Amino acid sequence: MKKTIIKSDVAGVVNEICFSKGDIVKKGESLLFIESMKMEIPIEAPFDSEIEEIFTKKDEVISQNQPLLTLKS
Amino acid sequence: MTHKNRIEDLKKLNLKIEEMGGSEKLKVRKKAGYLNARERIDLFFDKGTFFEIGKFVTSSNDQDKDKTPADGKITGYGKVSNRKVAVISNDLTVKGASSSNMNTKKISFIKKSAEKLGMPIAFFGESSGARMPDIMGAKGMSQAGQDNTQYIRTRRAPWVSAILGPCYGSSAWYSVLSDFVVMRRGSVLAVSSPKVLSLATNETVDPEELGGWEMHSQTTGIADRIVDTDHEAIALMKSFLSYLPSNNNEIPPYRKDTKDSLKKIDEILSVIPENSKRTYDMREVINLIADDDTSFPMKHNFAKSAVTELARLNGKTVGFIGSNPKFNGGAMDPHACDKITSFLVFCDSFNIPIILLVDTPGFLIGVEGEKQKAPGKIMNFMTALQLCTVPKISVILRKSYGQAYLNMGGGSNSDLVIAWPSAEVSFISPELGVWVVNNKKIHDKDSNYNDYIKKMTHDNSALELARSFGIQDIIDPRNTRQYLINALETFEKKIPNHSMSNWPTTF
C-alpha cells in the first residue's frame with residue numbers, strides 16, 4: 001500500500017472539498033477546489049485511490065506546497 | 001598480398017566491428033529489451049540509407065585496439081522520410097561508450113559537416129562519461145578540449161536526442177543541448193554517475209532520484225517526452241523531425257491535412273466554461289483548432305500551467321503556446337516562463353509561426369516564485385517574445401491580466417491580436433486595485449468602499465479593447481481555426497532574423 005500526500009500548487013482559500021475521509025476516488029477527479037487569483041483551481045486525484053485523511057477545511061487560507069490530504073493506493 | 005586477400009580481410013574486419021562489444025553483451029541487452037547501437041540506427045533511418053564514417057577508429061591505446069570497435073560511438077549519415085540526417089549512436093558495449101580523444105574526433109566531424117550541410121543530428125545517448133584511465137593525469141587532460149566549438153549550439157539545424165540508458169558526461173551535455181529530448185523510463189541523465197558521487201561526496205543516491213524520468217520530465221523539464229521502449233523513442237524522434245525544416249534556411253515541410261479538421265471546431269464552445277472562474281484544459285482547445293491528430297506536446301509534464309505544442313494548421317507547422325487554466329488556473333510560474341521561453345527560441349530559430357492562446361489571471365505571484373527568480377524569468381520570456389520575428393498571433397479566450405497580458409502577445413507584442421467575446425482584459429481586479437491605492441478591503445466595512453470599487457472598475461470587455469484598437473478583431477470562437485489559417489497566410493514572412501539562435505538551451 002502506498003500513501004501519497006497531496007499538496008497545494010498554489011496559495012489561496014479552500015473553496016470546496018468534494019469528498020470525505022474513506023471515499024474512493026478515480027484518477028482525474030477533482031478532490032477539492034482552491035480559490036486563488038480569481039480562479040477556482042481544482043486539485044485532482046493523480047491516480048485511483050482512497051482518501052485516508054484530509055488536513056484542511058472549507059475557507060481555510062493555505063500556502064503553496066501545504067499538505068491538503070493523504071491518498072492510499 | 002593479393003587484392004582479393006586484402007578485400008577479404010577488409011570484409012572480415014567490417015564484420016568484426018559490427019559485432020560491437022561481443023555477442024555476450026549484446027545478448028544481455030536483447031534480453032532486457034534494449035536495442036543495440038546499430039539496431040537503433042537501422043530503425044531510425046529509411047531502409048538502406050545509412051552510411052557510416054569512422055568505422056575503423058579505435059582507442060589510441062594500442063592495447064585496447066581490438067577491444068574498441070568504432071571506439072564506442074557509431075557515426076554517419078542517412079535519410080529519414082527521404083531527408084538527410086546525421087547520427088551519433090553510443091555503443092555501451094564498448095567501454096561503456098565512454099568519450100575518448102579518438103571518438104571525440106568523429107563527433108566533431110559529424111557536427112561540423114551537419115552544420116555546413118544544413119542537416120539535423122540525432123543523438124542516441126547511452127554513455128558512461130569520459131574514458132578512464134585514458135583521460136587521467138596531465139597527459140590525459142591535455143588531449144581534452146581540442147575542439148573549441150564542441151559545445152556551441154547555434155541552432156542552424158535541429159538536434160534530437162534520445163536518452164536510452166545511463167547518460168553521464170558528454171552524452172548528458174549533447175542531450176541538454178538538443179531541441180527535443182525523449183527519455184526511456186529506467187534511463188538516467190546526470191553530470192556523473194551515482195558511483196562517482198558515492199566516493200566524491202559520500203552521497204548515496206538512487207540513480208532514478210539522481211536523474212530519472214520523473215526528475216527530468218517534471219522537475220527539470222529537460223525531457224520533453226517519456227516512453228517505455230527504444231522503438232517508441234525512435235518513432236517520436238522521427239515524428240518530431242517531420243514538423244521541422246532540415247535547417248534554418250528552409251521552411252518546415254508541408255503535410256496535407258487529410259481529415260476534415262474544420263468540422264470539430266464547433267465543439268469549442270462546450271470546452272470553455274461560461275463561468276470564468278471555472279477551469280478547462282487548453283490542450284483540448286489546441287486539438288480542436290489544429291489539424292486532426294497533429295499536436296505534438298513539448299515538455300508536457302513540466303510546468304503544466306503553460307502548454308507548448310507543435311501542430312499543423314492547414315498542413316503547415318505552427319507552434320502553439322497557451323496558458324492552461326486547468327493547472328494553477330493558468331497563472332504561470334517561473335518554470336512555465338522557462339518552458340515558453342525555450343519554445344519561443346526554438347520556433348523562431350526554425351521558422352515556425354507562433355500562436356498564443358491566452359487565458360491567464362496573471363503570473364503566479366508569491367515567495368516560492370521570487371526564490372526562483374520570477375522577475376528574471378518573466379523578462380527572459382518577454383525578451384524572447386520581442387526578439388521573435390516569425391509571425392505571432394495572439395488569441396485572447398477569456399482572461400488576460402497584468403504583465404502576463406504583454407507576455408502573451410498583448411499590445412504590439414504579436415503581429416495580430418484577436419479576442420473572443422468572452423475576453424476580459426485589465427491590469428488587476430478592482431478589489432486588488434482598491435486595496436493597493438485606498439488601502440481598503442471589503443471586510444474593513446468602510447462606507448466609501450463601494451465608491452472606491454466603482455472608480456476602479458472600468459470596462460474590461462473585448463469590445464472596449466477593440467474600440468481603442470488594443471485588439472484587431474473580435475471573432476466567434478468557432479471561426480478561430482479558419483481565422484488563424486487566413487491570418488497566418490497574410491502575415492507569412494520569408495526567413496526570419498533568427499536573433500536567438502545562440503540562446504542557451506537550458507537556463
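**Exercise 1. Identify which helices and strands line the largest pocket, and say where that pocket lies.**

Solution. Begin with the elements: β1 (3-7) and β5 (39-44) of chain A, and α8 (207-211), α9 (213-219), α13 (334-349) and α14 (367-371) of chain B, each supply at least two residues of the lining of the largest pocket. Helices (H or I, at least four residues) and strands (E, at least two) are DSSP runs, numbered from the N terminus. The model is predicted: local features need pLDDT of at least 70 and side-chain atom pairs pLDDT 80 or more, while totals for chains, interfaces and linings use all residues. Residues are numbered from 1 along each chain as its sequence is written, chains are lettered from A and ligands numbered from 1 in the order in which they are written, and side-chain values use heavy atoms, with hydrogens and water left out.

Next, take the contributions. Five residues, the largest share of the lining, come from α9(B). The lining has 44 residues, and Lys7(A), Asp9(A), Gln218(B), Asn301(B) and Lys304(B) lie nearest the centre of the pocket. A pocket here is an open set of points on a 1 Å grid over the protein atoms alone, where a 1.4 Å probe fits, with protein on both sides within 12 Å along at least five of seven lines; lining residues have an atom within 4 Å of a point.

Then place the pocket. Domain 1 (3-242) and domain 2 (263-423 + 461-491) of chain B both give residues to the lining, so the largest pocket lies between them. The domain bounds come from an automatic or database domain assignment.

**Exercise 2. Describe the two largest pockets by volume and lining class.**

Solution. Start with the largest pocket, which holds about 1,800 Å³ of space. The volume is the space filled by probe spheres set on the grid points, which are joined across faces, edges and corners. Its lining has 17 nonpolar, 14 polar and 13 charged residues. Ala, Val, Leu, Ile, Met, Phe, Trp, Tyr, Cys and Pro count as nonpolar, Asp, Glu, Lys and Arg as charged, and the others, Gly among them, as polar.

Continue with the second largest pocket, at about 1,400 Å³. It is lined by 46 residues, and those closest to its centre are Ser36(A), Met37(A), Lys38(A), Ser429(B) and Leu432(B). Helix α17 (residues 430-438) of chain B gives the most to this lining, five residues. By class, the lining of the second largest pocket divides into 26 nonpolar, ten polar and ten charged residues.

**Exercise 3. Determine how the buried residues of α3(B) are arranged, and find a partner of Arg40(B).**

Solution. First list the buried residues (under 20% relative accessible area, with exposed over 50% and partly exposed in between; 1.4 Å probe, protein chains only). In helix α3 (residues 37-44) of chain B they are Ala37(B), Arg38(B), Arg40(B), Ile41(B) and Phe44(B). Seen down the axis of α3(B), these residues fall within an arc of 155°, so they line one face of the helix. The arc is that of the directions from the helix axis to the C-beta atoms.

Now look at the N-terminal end, which Asn36(B) caps: a side-chain oxygen lies 3.0 Å from the backbone nitrogen of Arg38(B).

Last, find the partner. The side chain of Arg40(B) makes a polar contact of 2.9 Å with the side chain of Glu126(B). A polar contact is a pair of N or O atoms within 3.5 Å; within protein, one must be able to donate a hydrogen and the other to accept it, and residues adjacent in sequence count only if both atoms are side-chain atoms. Glu126(B) is in strand β4 of chain B and, at 2% relative accessibility, counts as buried.

**Exercise 4. Compare the settings of Asn82(B) and Asn351(B), then locate the cis peptide bond before Pro133(B).**

Solution. Asn82(B) has a positive phi of about 70° although it is not a glycine. Asn82(B) lies in the loop between β2 (73-80) and β3 (83-90) of chain B and is exposed, with a relative accessible area of 59%.

Asn351(B), also not a glycine, has a positive phi of about 60°. Its loop runs between α13 and β12 (354-360) of chain B, and Asn351(B) is buried, with a relative accessible area of 7%.

The peptide bond from Met132(B) to Pro133(B) is cis, with omega near 10°. Pro133(B) is in the loop between β4 (121-127) and α5 (137-142) of chain B.
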